[in-house]
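Student: Could you take me on a close look at one part of this structure? I would like to follow the charged side chains there, and then see what surrounds them.

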Amino acid sequence: MTWLLRLFLVLLLLTLIRRFFSRLFRPSQGGSGSSDGSTRAGGVRAVEGKMVKDPQCGMYVASTLALNAKRRGEVFYFCSEECRDRFLQQ
């Protein structure tokens, strides 16, 4: 009878250890992101805002993440400082 109890305790311990490590190494799933919901499962940031085209290289980037510059009263969005600098030198 005691061997059955020992077996049960060992299985319980192994189950708890497995759950601990699976939660430790698995990406979080919902609810544990930032309070404004800007982080998705796996720690990937959710991008908000419209997609804008970089006039220098043609790459699309979210307006909230893009660098911008004003030229002749118009706002242009860029994917990088390099694209912005090349555009402003023209």
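Tutor: Glutamate 82 is exposed in this predicted model, its relative accessible area being 53%. The partner to look for is arginine 86: the two residues form a salt bridge, with 3.3 Å between the closest N and O atoms. Both belong to helix H2, which covers residues 81–89. Because they sit four residues apart in that helix, about one helical turn separates glutamate 82 from arginine 86. Arginine 86 is partly exposed, at a relative accessible area of 38%.

Stay with the charged residues a moment longer. Aspartate 85 and arginine 84 also join their side chains in a salt bridge, this one at 3.9 Å from N to O. Aspartate 85 is partly exposed, with 37% relative accessibility, and arginine 84 falls into the partly exposed class too, at 22%. The count of salt bridges comes to two.

Now turn to the cysteines. Cysteine 83 is buried, at 4% relative accessibility. For the sulfur of cysteine 83, the closest cysteine sulfur belongs to cysteine 57, 3.8 Å away. Cysteine 79 also has cysteine 57 as the owner of its closest cysteine sulfur, at 3.7 Å. Cysteine 79 is partly exposed, with a relative accessible area of 28%. A disulfide is a covalent bond between the sulfur atoms of two cysteines. The cut-off that matters here is 2.5 Å between the sulfur atoms, so the 3.7 Å from cysteine 79 to cysteine 57 is too far for a bond. The 3.8 Å from cysteine 83 to cysteine 57 is likewise too far. Searching the whole structure accordingly gives zero disulfides.

From here, let us move to the strands. Strand S4 takes in residues 74–78 and has the highest mean pLDDT among the elements of the chain, 93. S4 pairs with S3 in the antiparallel sense, over five bridges. One pair to pick out is lysine 70 with valine 75, its bridge partner in S4. The hairpin of S3 and S4 has two residues between the strands, and in this hairpin arginine 72 takes a positive phi near 55°.

Two other residues lead back to Tyr77. Lysine 53 has its place in strand S1, residues 51–53. Beyond its neighbours up to four places away in sequence, lysine 53 touches Gly58, Met59, Tyr60 and Tyr77. The C-alpha atom of lysine 53 is 7.5 Å from that of phenylalanine 78, although 25 residues separate the two along the chain. Serine 63 lies in the loop between strand S2 (60–62) and strand S3 (67–71). Serine 63 counts as buried, at 19% relative accessibility. Leaving out neighbours within four places in sequence, its contacts are Gly49, Lys50, Val52 and Tyr77.

Finally, a word on confidence. The mean pLDDT of the protein chain is 82, with 77% of its residues reaching 70 or more. Residues 31–35 are a stretch to read with this in mind: the pLDDT there is below 50, and the stretch has two contacts in the model beyond near neighbours in sequence. Among the elements, helix H1 (residues 2–25) has the lowest mean pLDDT, at 89.

Terms used: Residues numbered from 1 in each chain as written. Predicted model: local features only at pLDDT ≥ 70, side-chain atom pairs only at ≥ 80, totals over all residues. Heavy atoms only, no water. Contact = heavy atoms within 4.5 Å. Salt bridge = Lys/Arg side-chain N within 4 Å of Asp/Glu carboxyl O. Buried < 20%, exposed > 50% of the residue type's maximum accessible area, 1.4 Å probe, protein only. pLDDT = per-residue confidence, 0-100. Pairing = 2+ DSSP bridges.
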